[in-house]
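This report introduces a structure to a reader who has not met it before. Please look over the sequence and the structure before reading on.

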Amino acid sequence: KQTPWIAPSILAADFARLGEECESVLAAGADVIHFDVMDNHYVPNLTIGPMVCKALRQHGITAPIDVHLMVSPVDDLIGMFADAGASMITFHPEASRHVDRSLQLIRDAGCQAGLVLNPATSPDCLEYVMDKLDMILLMSVNPGFGGQKFIPGTLGKIERVRRLIDDSGRDIRLEVDGGVSENNIGEVAAAGADTFVAGSAIFGKDDYRAVIDAMRAQLPA
Ligand code: DX5
Ligand code: ZN
């Protein structure tokens with residue numbers, strides 16, 4: 001099993017001070033930076049692209065950057081994010097015409113690859129690409145906005161996908177994104193997740209260390 005990772009979503013950070021915000025959460029104990037890319041096409045919101053990822057690298061951020069693509073089409077952005085310093089790149093299968101090819105493009109570009117399943121998306125699409133996955137991201141809200149409420153039905157899906165990963169015998173991270181906070185991270189971990197995205201629950205507080213510590217205290221060592 002993977003060591004647990006806490007992945008603050010910078011969607012909830014102060015964009016005017018993004019470099020400092022990343023430094024602050026990393027100094028407060030975060031493991032990776034979760035980087036939400038929205039295109040006003042796949043989701044009804046618009047955020048940040050490869051130039052901002054590159055700027056964070058140039059600012060001196062060395063932690064893994066976990067790029068969550070909520071865009072369609074997907075493929076053109078893969079090389080751009082790899083060049084910009086992305087560590088992992090995940091995308092939604094329905095946003096790509098050829099899922100297997102997109103996953104391979106990510107690995108060929110030297111990044112870890114993953115698929116993101118919306119709350120209503122079946123895990124069936126994972127079956128024939130398990131060997132191309134380093135990460136599976138389960139959305140516990142509908143993508144597009146931070147600060148939404150965790151959809152409780154996700155817990156059973158986490159358990160199911162945990163079993164799929166265990167049965168595959170592969171080292172695949174199981175990440176959960178949306179409405180995760182110090183109030184439910186224990187349940188999300190118990191269901192089988194090992195990577196926890198949290199935006200508003202972390203950046204909405206003044207003391208990043210206190211909230212990250214409170215989350216970490218509920219995770220297995
Ligand atoms: C939603 C994004 C999430 C979001 C999480 O589309 O993928 O990463 O920012 O924010 P919170 O933790 O506030 O739900
Ligand atoms: Zn995300």
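The sections below treat the sheet, the annotated sites, the ligand surroundings and some backbone details.

## The central sheet

The model described here is predicted. Its sheet is open and has 8 strands, which pair in parallel in the order β1-β8-β7-β6-β5-β4-β3-β2. Strands β1 (5-8) and β2 occupy the edges; each has a single partner strand, so one side of each has no neighbour in the sheet. On average, neighbouring strands of this sheet are turned by 25° against each other, direction ignored.

Two of the strand pairs may be described further. Strand β5, residues 112-117, runs parallel to β6 and is joined to β6 by 4 bridges. L117 stands opposite L138 of β6. Helix α5 packs on the sheet, where α5 touches β6 and β7 (173-177), and the direction of α5 makes about 165° with that of β7. The pair β3 and β4 is likewise parallel, with 4 bridges. D66 has M88 in β4 as its bridge partner.

## Side chains of strand β4

Strand β4 covers residues 88-91. In a regular strand, side chains alternate between the two faces of the sheet. M88 and T90 point one way from β4, while I89 and F91 point the other way. These four residues are all buried.

## The annotated active site

Which residues carry the UniProt annotation "active site"? The record, an unreviewed entry, assigns this annotation to D36 and D177. They span 142 residues in sequence, yet no two of their C-alpha atoms are more than 10.5 Å apart, so they gather at one spot.

D36 belongs to strand β2. D36 counts as buried because 24 C-beta neighbours lie inside 10 Å. Apart from neighbours within four places in sequence, D36 is in contact with S9, L11, T47, H68 and M70. D177 belongs to strand β7, and 26 C-beta neighbours inside 10 Å make D177 buried. With neighbours within four places in sequence again left aside, the contacts of D177 are H68, L137, M139, S140 and V197. H68 thus appears among the contacts of D36 and among those of D177.

## The surroundings of ligand 1

Ligand 1 is surrounded by 21 residues, of which the closest are L11, P143, G146, G199 and S200. By class, this shell has 8 nonpolar, 11 polar and 2 charged residues. Three elements, β2 (33-38), β8 (195-198) and α7 (200-203), each supply at least two residues of the shell.

UniProt, in an unreviewed entry, places the feature "binding site" at S9, H68, G144, F145, G146, G147, D177, G178, G179, G199 and S200. The residues in this annotation include D177, which the record also lists under "active site". G146, G199 and S200 are named in the annotation and are among the residues closest to ligand 1.

## G146 and S200

Is G146 buried or exposed? G146 is buried, because 21 other C-beta atoms lie within 10 Å and the threshold for a buried residue is 20 or more. G146 is located in the loop between β6 (135-139) and α5 (154-168). Leaving aside neighbours within four places in sequence, G146 is in contact with S9, L11, A12, G199 and S200.

S200 is located in helix α7. S200 counts as partly exposed, since 17 C-beta neighbours lie inside 10 Å. Beyond neighbours within four places in sequence, the contacts of S200 are A12, G146 and G147. A12 is therefore listed as a contact of G146 and also of S200.

## Backbone details

Most residues other than glycine have a negative phi, and most peptide bonds are trans. Two places in this model depart from these patterns. The peptide bond from S72 to P73 is cis, with omega near -5°. P73 is found in the loop between β3 (65-70) and α3 (75-83).

The other place is N40, a residue other than glycine, whose phi is positive, near 55°. N40 is found in the loop between β2 and α2 (50-59). N40 is exposed, because 12 other C-beta atoms lie within 10 Å.

Key: Residues are numbered from 1 along each chain as its sequence is written. Chains are lettered from A and ligands numbered from 1 in the order in which they are written. This is a predicted model: local features need pLDDT of at least 70, side-chain atom pairs count only at pLDDT 80 or more; totals for chains, interfaces and linings use all residues. A residue is near a molecule or strand if its C-beta atom, placed from the backbone, lies within 6 Å of it. Ala, Val, Leu, Ile, Met, Phe, Trp, Tyr, Cys and Pro count as nonpolar, Asp, Glu, Lys and Arg as charged, and the others, Gly among them, as polar. UniProt positions are given in the numbering used here, feature names are shortened, and annotations may be inferred rather than shown by experiment. Two residues are in contact if their C-beta atoms, placed from the backbone, lie within 7 Å. Two strands pair if DSSP finds at least two bridges between them. Axes are lines fitted to C-alpha atoms, for helices over the stretch in contact, and angles run from 0 to 180 degrees between N-to-C directions.
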